[in-house]
Amino acid sequence: MKKILLIGKFNNVVNEMNAFLAQFFHVQLCSENAGVLEGMLKIVNPDLVLISLIGAYDIDTSMFFLLSDQYEEIPVLTIGTLEESSKFFKYYEGAQFENLIRPVENTIIMSAVCNRLGLDRAKVEEEAAKERKQSSGKKRILVVDDNGTALRTMKAMLEDKYEVALAISGAQAMTSIGKMRPDLILLDYEMPVCDGRMTLEMIRADEEMKDIPVVFLTAINDRANIQAVLKLKPAGYFLKPAIKEQLIAEIEKILSQAE
C-alpha cells in the first residue's frame with residue numbers, strides 16, 4: 001500500500017478522512033506543526049501528503065515551505081472551504097500542490113489521491129480488499145519512540161505479523177491511541193519532554209485506555225534504571241536494541257494473557 005501523511009487538526013473531518021482512506025492506504029496522522037512534520041516525513045517517507053485546512057486558521061505556514069523546498073518530489077493535496085483555502089493559496093507553488101474545495105465527498109478525495117499518485121482507483125480498491133482479507137485478525141501494535149531510526153527498525157521487525165502504528169512523542173501516542181485502539185503499546189522510556197513514565201500515567205488515567213498492556217523499551221541497562229521501570233508495573237520491558245524473536249515471543253505471551 002502507498003503511504004499517506006494526513007496533516008490537520010484532529011476533528012471529525014480528519015477522523016472521517018482517516019477512516020475512509022485507511023481502507024486503501026497506510027495513513028499516518030500528523031499535527032499541523034512544521035517541526036513535527038519534518039520528523040514524520042523522515043520516519044514515514046510518505047508517497048503523498050494530505051493537508052486538511054478545516055479550522056486550521058493558525059496553521060504553521062512554514063510547513064508549506066518545508067514541503068516545497070526539501071520535499072518537492074512528494075505530491076501535496078490540500079482540502080478546505082473556499083475561505084480557508086484562499087488564505088493559504090499564496091504558499092502553494094507549482095504542480096506539487098493541488099487543492100480541493102469543500103464540501104467534497106470522500107470518493108472524490110479518493111479519486112484525487114489516486115490521480116496524484118498515478119494509480120488506477122479500481123485496482124487500488126481491489127488490492128486493498130485482498131489485503132484486508134489477508135490481514136484480518138492481526139493484532140495492532142503502537143510503537144512510541146522519539147528516534148526515527150528506532151521506529152523504522154521496530155516497524156520492520158513487526159509488520160509481517162501485526163498492524164503497526166508509529167508515534168514520535170507521548171502526545172502523538174495519546175492521539176493515535178484515541179483514533180486506533182492498539183492491543184499493545186511498545187513505549188520508549190527515555191523520551192524528551194513527555195517521557196515514558198508520563199505517557200504511561202496519561203494512558204492509565206484514561207478509562208478507555210488504562211487496560212492496554214504497555215511494554216517499556218529502555219537503552220539504559222543499570223540496576224537503578226531497571227528498578228525505576230519495574231516500579232511502574234508495565235506489562236513488560238525490553239532493553240534496546242530488542243532482538244526480534246525474543247520481542248515477538250514476549251508480545252505473544254502478553255497478548256495471550258490479555259485475552
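Okay, let's start in the sheet: strands β6 and β8, the latter spanning residues 184-188, run parallel to each other and pair over four bridges. If you want one contact to click on, take Leu142, whose bridge partner in β8 is Ile185. And just so everyone's clear, this is a predicted model.

β6 has another neighbour as well. With β7, residues 163-167, β6 pairs over five bridges, again in the parallel sense. There, Val144 has Ala167 as its bridge partner. To get from β6 to β7, the chain goes through helix α7, residues 148-158, and that β-α-β crossover is right-handed.

So how enclosed is β6? Of its five residues, 140-144, four are buried, so the rest of the structure largely encloses this strand.

Now, aromatics. How many aromatic pairs does the structure hold? Three. One of them is Phe20 with Phe24: the ring centres are 5.5 Å apart and the planes sit at 65°, so we call that edge-to-face. Phe20 counts as buried at 17% relative accessibility, and Phe24 is buried too, at 10%.

Tyr189 and Phe216 are also an edge-to-face pair, with 5.1 Å between centres and 80° between planes. Tyr189 is in the loop between β8 and α9, while Phe216 is in strand β9, so this pair ties together parts 27 residues apart in sequence. Both residues are buried.

Last stop, the surface. Leu82, Phe89 and Ile101 make a nonpolar patch there, with about 280 Å² of accessible area together. Phe89 is in the loop between α4 and β5, and is partly exposed, with a relative accessible area of 38%.

Methods: Residues numbered from 1 in each chain as written. Predicted model: local features only at pLDDT ≥ 70, side-chain atom pairs only at ≥ 80, totals over all residues. Heavy atoms only, no water. Buried < 20%, exposed > 50% of the residue type's maximum accessible area, 1.4 Å probe, protein only. Helix = DSSP H or I, 4+ residues; strand = E, 2+ residues; numbered from the N terminus. Pairing = 2+ DSSP bridges. Right-handed = clockwise from strand over helix to strand, strands pointing away. Patch = residues over 30% accessible without salt bridge, like charges linked within 9 Å, V, L, I, M, F, W, Y side chains within 5 Å. Areas by Shrake-Rupley, 256 points an atom, 1.4 Å probe, with all protein chains shown as cover. Salt bridge = Lys/Arg side-chain N within 4 Å of Asp/Glu carboxyl O. Phe/Tyr/Trp six-rings, centres within 6.5 Å; stacked < 30°, edge-to-face > 60°.
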